[in-house]
Amino acid sequence: MDYRKQICAPIEAEFDEFRSRYSSLFSCPNPAVDLLLKFLLRRNGKMMRPILALLVSKCYGQIPESAYHLAAAVELLHQGSLIHDDVVDESEQRRGRRSANAAFDNRMAVLLGDYVVSMALQQITATNDIKSVDTLSELIGTLSEGEINQLNALNYTSLSEDVYFDIILKKTAVLFSSCTSLSAHLSGASAGDIEAFRQFGHIAGLCFQIMDDILDYHDSTETGKPSGNDMKEGKFTLPAIYALTHSDKDWSNHIKAVRSLTATPDQIREITDYTLSNGGIDYSFSKMEDLKKQAIQGLPAFLSPELRIAFTSYLELITNRSN
């Protein structure tokens, strides 16, 4: 099934227009900054968040200029946060290529991340909508809070699904939900529709992160990340949290070792193998299926069949991807 084709069918021309506009932002008269921006532009992802913003806006007819600025702002903020995340996590690869901190150094990567976030603020200001400016400004703090909470979780001696969902809400889901709710707002949607699309974005973001965490249990040549990479960074995600908290075995020493970043390869392999063979992955897929049903049921009733298929395919692509 070509989910991406179904997703983009209602916005094919608008998405082409967006990509052209977005690429034009990555230039600067300062040659040193321009070099960094061109490096980042070559590493563009799938633009899942801008696509979602454009899809929501298309539900109300012609996409307004402000929605293009919003789509650029959320993608730029996402890119800036990834650059900072790679510095924090000391990651050397991003999407199978060298990360900014590996290609340059931590100092330059932090400054590049700051520069890209400033570009996001310029784009959201161009919407001329104070609600959008306020929301994106608050969002920057929420994303940072999510990262802080994730680092703080290294001090926890027990595993909690509630803590996990709070972290991924702030790290990932809030960017999706802000994207959808603001796009609906800028397109003149009712308060009820804005909330419906916010909830859809929220669920899409949760599913996106859960799928990311599932993929960590398989070696990936595309992302450049080996299996168990999250645990090497002290992170316990939904598959392991479920498997270990439903186990009769005492995993406290393994948990402590992972949290303190002293876990041996054998300990990480034991947790990974146990998670794979004791329902951790199945549970995570089941959780996503439940969330997807909620998201589809919550979509506004007025959507055309083409748009309803696009939103459904969006969730299917997120939860069936391999990278």
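**Exercise 1.** Which residues touch the most other members of the largest nonpolar core?

*Solution.* This is a predicted model, in which local features need pLDDT of at least 70 and side-chain atom pairs count only at pLDDT 80 or more, while totals for chains, interfaces and linings use all residues. Residues are numbered from 1 along each chain as its sequence is written, and side-chain values use heavy atoms, with hydrogens and water left out. A nonpolar core joins buried Ala, Val, Leu, Ile, Met, Phe, Trp, Tyr and Cys residues through side-chain atoms within 4.5 Å, buried meaning under 20% relative accessible area with a 1.4 Å probe, protein chains only. Among the 97 residues of the largest such core, those sought are Phe18, Phe200, Ile210, Phe236, Phe311 and Tyr314. Helix α10 (residues 191–215) supplies the largest share of this core, twelve residues.

**Exercise 2.** Determine how helix α5 (residues 65–89) is oriented against helix α9 (residues 161–186).

*Solution.* Their axes, lines fitted to C-alpha atoms over the stretch in contact, come within 10 Å and cross at roughly 170°. Therefore α5 is roughly antiparallel to α9, a term for angles over 145 degrees between N-to-C directions, on a scale from 0 to 180. In the contact (heavy atoms within 4.5 Å), α5 contributes Ser66, Ala67, Leu70, Val74, Leu77 and His78, and α9 contributes Leu175, Cys179, Leu182, Ser183 and Leu186.

**Exercise 3.** State how far helix α4 (residues 48–58) is covered, and by what.

*Solution.* Ten of the eleven residues of α4 are buried, including Arg49 and Leu52. Their cover includes α1 (3–8), α2 (12–24), α5, α9, α10 and α16 (305–320).

Methods: Helix = DSSP H or I, 4+ residues; strand = E, 2+ residues; numbered from the N terminus. Parallel < 35°, antiparallel > 145°, perpendicular 65-115°, else oblique. Buried < 20%, exposed > 50% of the residue type's maximum accessible area, 1.4 Å probe, protein only.
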